[in-house]
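Subject: Structure handover

Hello,

Here is the structure I promised you. Please load it alongside this note. My findings follow below.

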Amino acid sequence: MRRKKIDRSKNISLENLNILKKLEALKGHTGTIIHGRYDMICPIKTAIELKQNWPRCKLKIIPKAGHSAVEPGIQSALLETMEDLKHR
């Protein structure tokens, strides 16, 4: 018996994950979202929606990266972000 593959990415939204309700706690804080352009696990629309609802955060979209933190572009963005935090 073959299993039908379900595309869950269409159902993922910040609202469905209840993140928007919890976001109020972060509104006074800064943050950085690092998101790979080709991330097939977490749709880019959720990163954009999160940025729109969290004014004090930065959104870095990494053009040649997916979901993995070990991809060169993601690693560079993570290191850059951590360096920025050291100087605050």
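Along the sequence, the protein chain reads α-β-α-β-α. That makes three helices and two strands. Keep in mind that this is a predicted model.

Some totals for the chain. It has 88 residues, and 24% of them count as buried. The accessible surface is about 7,000 Å². Carbon and sulfur atoms supply 57% of that surface. Among contacts with a separation of 6 or more, 71% link residues 24 or more positions apart.

Now the strands. β1 and β2 run parallel, joined by six bridges. One position to check: T32 stands opposite K58 in β2. With α2, the two strands β1 and β2 form a β-α-β unit, and the unit is right-handed.

Next, helix α2. It spans residues 44-53, and its buried residues are T46, A47 and L50. Why do the buried residues of α2 line one face of the helix? Viewed down the axis, they fall within an arc of 100°, so they share one face. The general rule helps here. An α-helix has 3.6 residues a turn, so residues three or four places apart point the same way. What covers the buried residues of α2? The cover includes α1 (19-22), β1 (31-36) and β2 (57-62).

Two residues deserve their own entries.

T46 sits in helix α2. Its relative accessibility is 9%; the cut-off for buried is under 20%, so T46 counts as buried. The T46 side chain also has a polar partner: it reaches the backbone oxygen of P43 at 2.6 Å.

K60 belongs to strand β2. Is K60 buried or exposed? At a relative accessible area of 17%, K60 is under the 20% cut-off, so this lysine is buried. Its side chain makes a polar contact with the side chain of E80, at 2.8 Å. Setting aside neighbours within four places in sequence, K60 is in contact with T32, I33, I34, H35, A77, E80, T81 and D84. So E80 appears twice for K60: in that contact list, and as the partner in the 2.8 Å side-chain pair.

If you want a place to start viewing, take K60 with E80, then T46 with P43. After that, turn to the buried face of α2.

Best regards

Technical notes: Residues are numbered from 1 along each chain as its sequence is written. This is a predicted model: local features need pLDDT of at least 70, side-chain atom pairs count only at pLDDT 80 or more; totals for chains, interfaces and linings use all residues. Side-chain values use heavy atoms; hydrogens and water are left out. Helices (H or I, at least four residues) and strands (E, at least two) are DSSP runs, numbered from the N terminus. Buried means under 20% relative accessible area, exposed over 50%, partly exposed in between (1.4 Å probe, protein chains only). Contact means heavy atoms within 4.5 Å. Accessible areas come from the Shrake-Rupley method with a 1.4 Å probe; for residues, only the protein chains shown count as cover. The arc is that of the directions from the helix axis to the C-beta atoms. A polar contact is a pair of N or O atoms within 3.5 Å; within protein, one must be able to donate a hydrogen and the other to accept it, and residues adjacent in sequence count only if both atoms are side-chain atoms. Two strands pair if DSSP finds at least two bridges between them. A crossover is right-handed if, with the strands pointing away from the viewer, the path from the first strand over the helix to the second runs clockwise.
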